[in-house]
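Trainee: I am new to this structure and would like a close look at a single part of it. Could you take one helix and its surroundings and lead me through them with care?

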Amino acid sequence: MGAGSVEEVVRAQLSRALGGRRGMLEAAVPTLAFTLIFLLAKDLRIAVSVSVATALILLVVRIVQRSTVQFVLNSLVGIGIGAFFAWRSARSGGDVDAQALAYFLPGLIYNGAYAALMVLSNLVRWPLVGFMVGSVAGDPTEWHRDPQVVRLCRNLTWMLAAPCVARVLVQLPIYLAGKAADDAGPMVAALAASKIVMGWPLQLLGLAGMAWLLARNSTPVEPAEAEEPTAGPA
C-alpha cells in the first residue's frame, strides 16, 4: 500500500489535494487580489484584469517549470464564478455594493455545501476523510471495519469542516444584512475583511489542528485480523 498508518495516508493525501505551500499560495493570491482591488477601486473590470493577470503569471511559471497547473486553474475558476455573479448583478441594475455582495455569494454557497457534506458524513458515521484512506488502501470501504480508523477519520473530518462552518456562521448573517440594508457599504466591507481573515489563515489553522492530531498516534491502515477462536474440549 505504500503507507504503514492512516496518519501517513492522510498527510500524503492532504498535501496532494492542497498542493503544499505553493499550491495554497497560488490558490489564494489571485482571489485576494480580486477582492482587494474590487472593493478599493469599485470596478469589476479592473479587479478581474489584475487578478487574472496575476494568475496567468503564476500559470506561466508553472508551465516553464513543467509542473502541475491545477491550483492556478482552480483559482481562475473561482474568480470567474464570482465575477460572473457580480456581472449578472450589474446587468440587473445593481449598484457597486450589490455587485460586491453578488461576488461573495458563490463562496458562501461553496462553504455551506462543503460543510454540510462533511457534517452529514460524520453524522451517518462514514466520515469523508475515510475515503482518502480507502483510495490508498485499494478498497474504498475497508477502513470502515476498524473503529480506530473511523474515529480518527471522524475527528479529522470535523477539523476539516470547522473553517467552512465558521465562515458560513459569520458571513451569512452579514450577507443577509447587506441585502436588507439601504446602504450595504459597511456590510460589504465586513464581508471583505472576513473573507481575508477567514480565508487561508483559518484554513491553515484547521490544517495545523489536523497535523497535531495526526502526529499523536499511528493507526494501522489495515484492521488487525481477529484472533482465531480456540477449540474447546472435545
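Mentor: Let us take α5, which packs against α7 at an angle of about 145°, the two axes lying 8 Å apart; axes here are lines fitted to C-alpha atoms, for helices over the stretch in contact, and angles run from 0 to 180 degrees between N-to-C directions. This is a predicted model, in which local features need pLDDT of at least 70 and side-chain atom pairs count only at pLDDT 80 or more, while totals for chains, interfaces and linings use all residues. Residues are numbered from 1 along each chain as its sequence is written, and side-chain values use heavy atoms, with hydrogens and water left out.

α5 passes α7 in a left-handed crossing, a term that applies if the near helix is turned anticlockwise from the far one by less than a right angle. The residues of this contact divide into 15 nonpolar, 7 polar and 3 charged, where Ala, Val, Leu, Ile, Met, Phe, Trp, Tyr, Cys and Pro count as nonpolar, Asp, Glu, Lys and Arg as charged, and the others, Gly among them, as polar.

Along its own length, α5 (helices are DSSP runs of H or I, at least four residues, numbered from the N terminus) has 28 residues and reaches 41 Å from its first C-alpha to its last, close to the 40 Å expected at 1.5 Å a residue, the expected span being 1.5 Å times one less than the number of residues. At the N-terminal end of α5, Asp95 acts as a cap, with a side-chain oxygen 3.2 Å from the backbone nitrogen of Asp97, and just after α5, Arg125 takes a positive phi of about 65°.

Notes:
Helices (H or I, at least four residues) and strands (E, at least two) are DSSP runs, numbered from the N terminus. A polar contact is a pair of N or O atoms within 3.5 Å; within protein, one must be able to donate a hydrogen and the other to accept it, and residues adjacent in sequence count only if both atoms are side-chain atoms.
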